[in-house]
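I opened this model to note its fold, its core and a few odd backbone spots. My entries follow in the order I looked things up.

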Amino acid sequence: RLGVLFYIVKPFDPDTPVSSGEEAESPDFIQQAIPFFILLCLVEGIVGAVWRGKSVYRWNDLVCSYGLGLLQTVVSFFVKLIQVPLYVWIYENIRLVSFDRGDEQTKSVGEIWGLWLWTIFLVDFLYYWFHRCSHEFQGMWAAHSVHHSGETLNLSTALRQGAYQPVLGVPFALVCALLGIPPSMYCIHGSLNTLVQFWIHTELVWRLPFGLEYVLNSASHHRLHHHYPGNCNYGGFLIVFD
């Protein structure tokens, strides 16, 4: 589903659960998107070569980015073995806010959309602070600096991630549990927030039309973030927090 790379997912899609219980199985959007990662990197390489007359990729950079992405995927798997049960426990036992009325069938369309939009906002707000802290605190920068270590900015840069960043992100994720975001809903939006950042790592896409640049993160915003000193535009999906 190419749409997951652009947050084009609705709560009523057949494979998008809106259940608040931890038993709901969330689709693995990131695994679904892997073929598109490879395909779009290939397309970017071809378009860049034709348009600019030179490659937008360095082979050593490309191999390094894919290798680091794979390493972080392995680390994330083990981190989730702890994070998911902990998230569920916090949500079920000590959450501060509750959106669960007990029977999913009685929730109105407005309630479901409200929770969906609130989760989009909250997940991105917490990602903003996680990302900002990753730039401002040396221990977190040690992990995040890997992402900024490439010699060129291209789609593969989105896959170039520090191996232990998933560990550092756990406390930020658990805030969502405290604030009543159901486990399945968090899994969905955590994945979508990550995926929507893939396409903004390119020099071939210019500004978004219709004033969307005032609300959404974009390739032009993120190029400024990757330009020294990079102390701006920390959001994932939204640009409104800077």
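**Burial and surface.** I started with burial in this predicted model. Of the 242 residues of the protein, 47% count as buried. Next I looked up the exposed area. The protein exposes about 12600 Å². Carbon and sulfur atoms supply 68% of that area.

**Fold.** I then read the secondary structure. I find seven helices and zero strands. Along the sequence the pattern reads α-α-α-α-α-α-α. The radius of gyration is 18 Å, close to the 18 Å from the globule rule for 242 residues, so the protein is as compact as a globular protein of that length. I also took the extents of the C-alpha trace. Along the principal axes it spans about 60 × 40 × 30 Å.

**Contacts and charges.** I checked how far apart in sequence the contacting residues sit. Among contacts with a separation of 6 or more, 70% join residues 24 or more positions apart. For charges, I have 13 positive and 19 negative ones. Their mean positions are 9 Å apart.

**Core.** Which residues have the most contacts inside the largest nonpolar core? I get C176, I181 and F198, in a core of 46 residues. I listed the helices that each supply at least two residues of this core: α1 (29–52), α2 (59–93), α3 (109–136), α5 (165–178) and α6 (183–195). The largest share comes from α3, with seven residues.

I followed F198 further. Not counting residues up to four places away in sequence, F198 touches L5, F37, L40, C41, L155, A158 and L159. Apart from the largest core I noted another core, of five residues. Among its members are F130, C133, M140 and F172.

**Backbone oddities.** I kept the usual case in mind here. Most residues other than glycine have a negative phi, and most peptide bonds are trans. I looked for exceptions.

The peptide bond from Y228 to P229 is cis. I read its omega as near 5°. P229 sits in the segment after α7 (219–226).

F210 has a positive phi, near 60°, in a residue other than glycine. I place F210 in the loop between α6 and α7. Is F210 buried or exposed? Its relative accessibility is 81%, so F210 counts as exposed, the cut-off being over 50%.

N233 also went on my list. Its phi is positive, near 55°, and the residue is not glycine. N233 lies in the segment after α7. Is N233 buried or exposed? Its relative accessibility is 8%, so N233 counts as buried, the cut-off being under 20%.

**A buried acid.** My last stop was D61. I find D61 in helix α2. Its relative accessible area is 8%, so D61 is buried. What is D61 in contact with, leaving aside its neighbours within four places in sequence? I get G150, E151, T152 and R160.

**Recap.** For my own index, I keep three spots. F210 has phi near 60° and is exposed. N233 has phi near 55° and is buried. The cis bond runs from Y228 to P229.

Conventions
Residues numbered from 1 in each chain as written. Predicted model: local features only at pLDDT ≥ 70, side-chain atom pairs only at ≥ 80, totals over all residues. Heavy atoms only, no water. Helix = DSSP H or I, 4+ residues; strand = E, 2+ residues; numbered from the N terminus. Rg over C-alpha atoms; globule rule 2.2 N^0.38 Å. Buried < 20%, exposed > 50% of the residue type's maximum accessible area, 1.4 Å probe, protein only. Contact = heavy atoms within 4.5 Å. Areas by Shrake-Rupley, 256 points an atom, 1.4 Å probe, with all protein chains shown as cover. Lys, Arg positive; Asp, Glu negative; His and termini not counted. Charge placed at Lys NZ, Arg CZ, Asp CG, Glu CD. Core = buried A, V, L, I, M, F, W, Y, C linked by side-chain atoms within 4.5 Å.
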